[in-house]
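Reader: I am new to this model and would like a close look at a single part of it. Please begin with one loop residue and then set it in the rest of the protein.

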Amino acid sequence: MARMLRRLRKGFQSLTSFSAATIQPNLSASESSRSEVALLSFFSPKPRDFSLPNSSWGSEMMRLYDHYNSQCEAETEGGQTQGSPWQRLPSYNRSLKYAPGGVYLSKIVQSKARLFTRNIREPGAAFEYALFVNKGEKKCVCIFQAGWLLEGPPGHVHGGAIATMIDTVTGTHATFLSGPIMTANLNIAYRSPIPLGSTVLIESSLDTQEGRKTFISCKVMSTDGSKLHTEATVLFVSINVSHLVRGG
Ligand SMILES: CCCCCCCCCCCCCCCC(=O)SCCNC(=O)CCNC(=O)[C@H](O)C(C)(C)COP(=O)(O)OP(=O)(O)OC[C@H]1O[C@@H](n2cnc3c(N)ncnc32)[C@H](O)[C@@H]1OP(=O)(O)O
């Protein structure tokens with residue numbers, strides 16, 4: 001158990017893709033150290049970044065990617081970065097190598113564990129998405145193209161797939177803001193169906209942080225903003241990484 005915890009903490013400590021500036025100033029020392037461990041990368045040296053464009057992306061997906069990506073920090077000729085509040089978040093198919101249920105899972109299951117939204121290999125078949133976070137406004141935008149394997153009602157996206165994307169976007173946002181978290185409560189209102197194959201915007205905004213609790217609101221909209229497909233409120237509770245090793 002102690003060895004597992006050491007490996008898990010080490011994994012969190014290498015999460016370099018998350019900015020140190022995201023630590024909340026209003027957390028206690030122990031809560032703050034919980035946040036610090038989330039600033040690290042637990043991924044293999046050269047993992048594939050699934051949030052980069054691929055041949056399955058349609059024109060609307062590419063237009064939006066170019067729009068948000070162009071607002072992210074760009075390196076100047078002098079090697080310095082411009083001060084944009086936007087940042088594209090990479091996305092891998094393993095999140096925590098040593099904590100997919102901790103000691104309760106066999107080594108085979110641990111070695112085969114993959115992030116739910118990144119486990120279908122065929123480009124365009126399921127969840128195609130990229131996340132951009134705005135550090136200043138504490139909001140996050142996801143561009144999402146829903147593939148043919150996500151069908152629920154004929155020709156439209158399954159409600160569970162929509163919930164999965166909401167949990168993923170808001171969960172990533174909450175991790176960025178508060179460090180290691182788990183979803184405690186997720187409320188969803190489905191307002192209008194999402195056509196299969198279409199591209200939508202998923203917007204996540206921080207409502208409030210109270211101690212260990214991070215409250216986030218989320219909207220899924222058509223890309224021109226004219227149609228609200230889904231809205232949700234989500235509560236995340238900060239956890240100590242040992243929570244995952246103990247199996248919750
Ligand atoms: C690890 C990070 C990796 C990051 C990598 C990033 C890259 C990859 C991104 C992928 C992003 C995917 C994101 C998926 C995220 C999941 O889907 S997580 C899976 C689904 N969630 C679960 O399985 C959670 C199961 N539940 C639990 O483990 C525990 O109940 C919890 C949520 C940790 C809370 O337990 P606890 O720590 O004992 O907390 P507890 O003391 O009971 O409550 C603390 C406070 O929260 C409140 N609370 C607790 N539960 C509730 C509830 N259900 N309703 C309302 N209030 C509640 C309590 O009332 C209390 O409030 P205060 O008294 O402080 O005001």
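Does Lys138 count as buried or partly exposed?

Author: Lys138 counts as partly exposed, because its relative accessibility is 36%. Here buried means under 20% relative accessible area, exposed means over 50%, and partly exposed is in between, with a 1.4 Å probe and protein chains only. The model is predicted: local features need pLDDT of at least 70, side-chain atom pairs count only at pLDDT 80 or more, and totals for chains, interfaces and linings use all residues. Residues are numbered from 1 along each chain as its sequence is written, and side-chain values use heavy atoms, with hydrogens and water left out.

Lys138 sits in the loop that joins S2 to S3. Its phi is near 50 degrees, a positive value in a residue that is not glycine. The two strands beside this loop are S2 (127-134) and S3 (139-146), and each gives two or more residues to the largest nonpolar core, as described below.

The protein has six helices and seven strands; these are DSSP runs numbered from the N terminus, with helices (H or I) of at least four residues and strands (E) of at least two. Along the sequence, the pattern is α-α-α-β-α-β-β-α-β-β-β-β-α. The protein has 248 residues, and 45% of them count as buried. Its accessible surface is about 12,500 Å², with 53% belonging to carbon and sulfur atoms; such areas come from the Shrake-Rupley method with a 1.4 Å probe, and for residues only the protein chains shown count as cover. Among contacts (heavy atoms within 4.5 Å) with a separation of 6 or more, 66% are between residues 24 or more positions apart.

Next, the interior. The largest nonpolar core has 31 residues, and Phe127, Cys142, Phe144, Leu150, Met165 and Ile202 touch the most other members. A nonpolar core is a set of buried Ala, Val, Leu, Ile, Met, Phe, Trp, Tyr and Cys residues joined through side-chain atoms within 4.5 Å. Besides S2 and S3, the elements that supply two or more residues to this core are H5, strand S5 (199-210), strand S6 (213-222) and S7. The greatest share comes from H5, which gives eight residues. Cys142, setting aside neighbours within four places in sequence, is in contact with Tyr129, Ala130, Leu131, Met165, Val169, Val200, Leu201 and Ile202. There is also a second, separate core of 12 residues, including Met61, Leu64, Tyr65 and Cys72.

Thr168 belongs to helix H5. Thr168 is buried because its relative accessibility is 17%. Beyond four places in sequence, Thr168 touches Thr117 and Tyr129.

His229 lies in strand S7 and is buried because its relative accessibility is 5%. A polar atom of the His229 side chain is 3.2 Å from the backbone oxygen of Pro193. Such a polar contact is a pair of N or O atoms within 3.5 Å; within protein, one must be able to donate a hydrogen and the other to accept it, and residues adjacent in sequence count only if both atoms are side-chain atoms. Among the residues that His229 touches beyond four places in sequence are Pro193, Val200 and Val220.

Leu186 is in strand S4 and is partly exposed because its relative accessibility is 30%. Outside four places in sequence, Leu186 touches Ala163, Ile166, Asp167, Ala232, Thr233 and Val234.

The last part is the ligand. Its shell has 16 residues, and the closest are Asp167, Ala184, Arg212, Lys213 and His243; a residue is near the ligand if one of its heavy atoms lies within 4 Å of it. Helix H5 (159-178), strand S4 (181-190), strand S7 (228-238) and helix H6 (242-245) each supply at least two residues of this shell. Sorted by class, the shell holds seven nonpolar, six polar and three charged residues. In this sorting, Ala, Val, Leu, Ile, Met, Phe, Trp, Tyr, Cys and Pro count as nonpolar, Asp, Glu, Lys and Arg as charged, and the others, Gly among them, as polar. A ligand nitrogen is 3.0 Å from a polar backbone atom of Thr183, and a ligand nitrogen is 2.9 Å from a polar backbone atom of Ala184. A ligand oxygen lies 2.8 Å from an N or O atom in the Lys213 side chain. Of the 1,400 Å² of accessible area that the ligand has on its own, the protein covers 54%.
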